[in-house]
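Visitor: I should like to learn how the features of a protein model are read. Could you take me through them by way of an example?

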Amino acid sequence: MTDSVRQISENDQLRADIYQLLAALLRRHPSPELLDFLANLEIDANDDNEMTKAWLSLQLAAKQFSTEQLEDEYFTLFLGVGCGEILPYGSWFMTGSLMDKPLALLRQDLMQLGFEREENVKEPEDHVAALCEVMGVLILEAPGYRQLAFYNRHIGTWIERFCHNLANAPSAAFYATVANLATAFFKMEASAFEQLSLDIPVNCPGSAELTPAATDLDKQSELIN
């Protein structure tokens, strides 16, 4: 990243943490430590909103499934024998093909942003987990307009369909709750980014880092205590 490190708000830290959590859950089946973390989350059940309901469902699922069960579920959903039930790649959702033009554009943007592919990573960069990892970093290191540009170009147009497909996949049990959390989270992100796009001046590129007006992003800090 070339931008100077921002002062991180509590809300932005929470957003980055959620992106990284989704990345971990979508990259591979959860470890026993991650399941234990999810099972012991402190959640304010008095908040009547979709994010809270999703957190509670995920917490309950984490208490009910073993790592071995989730290894099988993840394999069936995302890998399979030849192909899983879900193809977790942005290019597939945007064009119906793998390794297509959206992946080439993504690689260009990642290079310009200073991201380098790790040698041990075999998945294409448009894997949904990789995109969540990038967003987590951008929230901590980049101004709002860069987050907005990356989200709109590489995530926002298809992530709702991915979440819907995952929630309704035949083998999704634990991962249906992951999909519900992702759905609620990305709805809040989309709403906040829409507001942010209205607040950014037309001469934004190259300007000093922006401090966006309060948006729905600020509401997320109240979802987990």
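**Reading contacts, burial and confidence**

Guide: Let us begin with a single residue in this predicted model. Once its neighbours within four places in sequence are set aside, Leu110 is in contact with Phe115, Glu125, Val134 and Phe150.

Visitor: In which helix is Leu110 found, and is Leu110 buried or exposed?

Guide: Leu110 belongs to helix H6, which spans residues 101-113. Its relative accessible area is 10%, so Leu110 is classed as buried. One of its partners, Val134, lies 24 residues away in sequence, with a C-alpha to C-alpha distance of 8.7 Å.

Visitor: What does Asp109 touch, apart from residues up to four places away in sequence?

Guide: Asp109, also found in helix H6, touches Arg153 and His154 under that condition. Its relative accessibility is 13%, and Asp109 therefore counts as buried.

Visitor: Let us turn to the overall fold. How many helices and strands does the protein have?

Guide: The secondary structure consists of ten helices and zero strands. Read from the N terminus, the order of elements is accordingly α-α-α-α-α-α-α-α-α-α. Of the 225 residues, 46% count as buried. Among contacts between residues at least 6 apart in sequence, 74% join residues at least 24 apart.

Visitor: How should the burial pattern of a single helix be read?

Guide: The general idea rests on helical geometry. An α-helix has 3.6 residues a turn, so residues three or four places apart point the same way. In helix H2, residues 32-39, the buried residues are Leu34, Leu35, Leu38 and Ala39. Viewed down the axis of H2, these buried residues fall within an arc of 135°, so they line one face of the helix.

Visitor: And how is a nonpolar core to be read?

Guide: In soluble globular proteins, nonpolar side chains tend to be buried together. Here the largest nonpolar core has 64 residues, of which Phe150, Phe162, Phe174 and Phe186 touch the most other members. Helix H10 gives the most to this core, with 13 residues.

Visitor: With which residues is Phe150 in contact, leaving aside neighbours within four places in sequence?

Guide: Phe150 is in contact with Leu106, Leu110, Leu113, Leu131, Val134, Met135, Leu138 and Ile155. Two of these, Leu110 and Val134, are also in contact with each other.

Visitor: Where does Phe186 lie, and what surrounds it?

Guide: Phe186 lies in helix H10 and is buried, with a relative accessible area of 7%. Beyond neighbours within four places in sequence, Phe186 is in contact with Tyr19, Leu22, Cys132, Tyr151, Ile155, Ile159 and Cys163. The C-alpha atoms of Phe186 and Cys163 are separated by 9.3 Å, and the two residues are 23 residues apart along the chain.

Visitor: How are aromatic rings described?

Guide: A pair of aromatic rings is described by the distance of the centres and the angle of the planes. This structure holds 13 aromatic pairs. In one of them, Phe174 and Tyr175 meet edge-to-face, at 5.3 Å centre to centre and with 80° between the planes. Both Phe174 and Tyr175 are buried.

Visitor: Which residues form one aromatic cluster?

Guide: Tyr19, Tyr151, Phe185, Phe186 and Phe193 do so. Of these, Phe193 is found in helix H10 and is buried, at a relative accessible area of 3%. Not counting residues up to four places away in sequence, Phe193 touches Arg15, Tyr19, Met135, Gln147, Leu148 and Tyr151. Its C-alpha atom is 8.7 Å from that of Gly144, 49 residues apart along the chain.

Visitor: How many disulfides are counted?

Guide: A disulfide is a covalent bond between the sulfur atoms of two cysteines. The cut-off for the sulfur pair is 2.5 Å, and by this rule the count is zero. The sulfur of Cys132 has its closest cysteine sulfur in Cys163, at 8.5 Å, which is too far for a bond. Cys132 counts as buried at 2% relative accessibility, whereas Cys83 counts as partly exposed at 46%.

Visitor: In which helix is confidence highest, and in which is it lowest?

Guide: The mean pLDDT is highest in helix H9 (residues 159-167), at 97, and lowest in helix H10 (residues 174-199), at 89. Over residues 204-225 the pLDDT is below 50, and this stretch has 46 contacts in the model beyond near neighbours in sequence. For the protein, the mean pLDDT is 85, with 83% of residues reaching 70 or more.

Definitions and conventions
Residues are numbered from 1 along each chain as its sequence is written. Side-chain values use heavy atoms; hydrogens and water are left out. Rings of Phe, Tyr and Trp (its six-membered ring) pair if their centres lie within 6.5 Å; planes under 30 degrees apart count as stacked, over 60 as edge-to-face and the rest as tilted. Buried means under 20% relative accessible area, exposed over 50%, partly exposed in between (1.4 Å probe, protein chains only). Helices (H or I, at least four residues) and strands (E, at least two) are DSSP runs, numbered from the N terminus. The arc is that of the directions from the helix axis to the C-beta atoms. pLDDT is the predictor's confidence in each residue, from 0 to 100. Contact means heavy atoms within 4.5 Å. A nonpolar core is a set of buried Ala, Val, Leu, Ile, Met, Phe, Trp, Tyr and Cys residues joined through side-chain atoms within 4.5 Å.
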